[in-house]
Amino acid sequence: MSFKTADLCDDFSEQLKICEVEFKSYGKRKKFWGPICTVRVFEDNVLVKSALQTIPEGSVLVVDGGGSKRCALMGDMLGEIAQNRGLAGVIIYGCVRDVAELAETDTGIFAIGSNPLKSVKRGQGENEVTLRFGGIEWKPGEFVYADEDGVIVSAEKLF
């Protein structure tokens, strides 16, 4: 179903959380929505890859990378995993790389920037926890809606 976050805000503003972070779109899909799955990491993408390989089809992986712009948490290989597994999208409070390849990936990919340096591989972080960034809480199982106007979160599915 087609949607616009602006229209959803008009209809459901009382029950929405509006993310204050302005993300850039890196995937082929410019709008996407789905249930939230979460990962919290810092300059380490091992748990990001693991989540992409295991979360349910149609989900949106929300990654709290601490807002770091010192390295990328996702590149073309992880983008391919997200596409092949049928994920609705990935939202990263951090950076991506392999931007040209990600642009051809049929998945929604939002991040705060790009950086060509890969992350470390220590496997540190947390899965399926409530995240706090962008002025809101991101709770696993809630629903996120993202498009060119921004990112909103609802406790309930809106349509």
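Student: Is Asp106 buried, partly exposed or exposed?

Tutor: Asp106 is partly exposed, with a relative accessible area of 35%. Keep in mind that this is a predicted model.

Student: Which residue forms a salt bridge with Asp106?

Tutor: Arg29 does, and the closest N and O atoms are 3.3 Å apart. Arg29 sits in the loop between β2 (24-25) and β3, while Asp106 sits in the loop between α4 (99-102) and β7 (108-114), so the pair ties together parts that are 77 residues apart in sequence.

Student: And Arg29, buried or partly exposed?

Tutor: Arg29 is partly exposed, at a relative accessible area of 31%.

Student: Why would two such side chains pair up?

Tutor: Side chains of opposite charge can pair when their charged atoms come close.

Student: How many salt bridges does the structure hold?

Tutor: It holds seven salt bridges. One of them joins Lys17 and Glu142.

Student: How far apart are the closest N and O atoms of Lys17 and Glu142?

Tutor: They are 2.8 Å apart. Lys17 belongs to strand β1 (residues 16-18) and Glu142 to the loop between β10 (136-138) and β11, so this salt bridge ties together parts that are 125 residues apart in sequence.

Student: Which of those two is buried?

Tutor: Glu142 counts as buried, at 11% relative accessibility. Lys17 counts as partly exposed, at 23%. The cut-off for buried is under 20%, so Glu142 falls below that value and Lys17 does not.

Student: What does Asp98 meet in a salt bridge?

Tutor: The side chain of Asp98 meets that of Arg97, at 3.9 Å from N to O. Asp98 is partly exposed with a relative accessible area of 26%, and Arg97 is partly exposed with 26%.

Student: Which residues are linked in a network of salt bridges?

Tutor: Arg132, Glu137 and Lys139 are.

Student: Change of topic. Which residues form the negative surface patch?

Tutor: The patch consists of Asp7, Asp10, Asp11, Glu148 and Asp149.

Student: Where is Asp149?

Tutor: Asp149 is in the loop between β11 (143-147) and β12 (150-154). Asp149 is exposed, and its relative accessible area is 55%.

Student: Now the backbone. What is odd about phi of Glu43?

Tutor: Glu43 has a positive phi, about 55°, although it is not a glycine. Most residues other than glycine have a negative phi.

Student: Where does Glu43 lie, and is it buried or exposed?

Tutor: Glu43 lies in the loop between β3 (32-40) and α2. Glu43 is buried, with a relative accessible area of 16%.

Student: What does the side chain of Glu43 join up with?

Tutor: A polar contact of 2.6 Å joins it to the side chain of Arg70.

Student: What about phi of Glu128?

Tutor: Phi of Glu128 is near 50°, which is also a positive value in a residue other than glycine. Glu128 is in the loop between β8 (126-127) and β9 (131-133). Glu128 is partly exposed, with a relative accessible area of 43%.

Student: Where is Ser59 found?

Tutor: Ser59 is in the loop between α2 (46-54) and β4 (60-64). Ser59 counts as buried, at 2% relative accessibility.

Student: What does the side chain of Ser59 reach?

Tutor: The side chain of Ser59 reaches the backbone oxygen of Pro56, at 2.8 Å.

Student: Last topic, residues apart in sequence. How far is Lys28 from Gly108 in space?

Tutor: The C-alpha atoms of Lys28 and Gly108 are 6.4 Å apart, while the two residues are 80 residues apart in sequence. Lys28 is in the loop between β2 and β3, and counts as partly exposed at 44% relative accessibility.

Student: And how far apart are Gly89 and Lys31?

Tutor: The C-alpha atoms of Gly89 and Lys31 are separated by 8.8 Å, with their positions 58 residues apart along the chain. Gly89 lies in strand β6 (residues 89-96).

Student: Is Gly89 buried or exposed?

Tutor: Gly89 is buried, with a relative accessible area of 0%.

Definitions and conventions
Residues numbered from 1 in each chain as written. Predicted model: local features only at pLDDT ≥ 70, side-chain atom pairs only at ≥ 80, totals over all residues. Heavy atoms only, no water. Patch = residues over 30% accessible without salt bridge, like charges linked within 9 Å, V, L, I, M, F, W, Y side chains within 5 Å. Areas by Shrake-Rupley, 256 points an atom, 1.4 Å probe, with all protein chains shown as cover. Salt bridge = Lys/Arg side-chain N within 4 Å of Asp/Glu carboxyl O. Lys, Arg positive; Asp, Glu negative; His and termini not counted. Charge placed at Lys NZ, Arg CZ, Asp CG, Glu CD. Helix = DSSP H or I, 4+ residues; strand = E, 2+ residues; numbered from the N terminus. Buried < 20%, exposed > 50% of the residue type's maximum accessible area, 1.4 Å probe, protein only. Polar contact = N/O pair within 3.5 Å; in protein donor to acceptor, adjacent residues only side chain to side chain.
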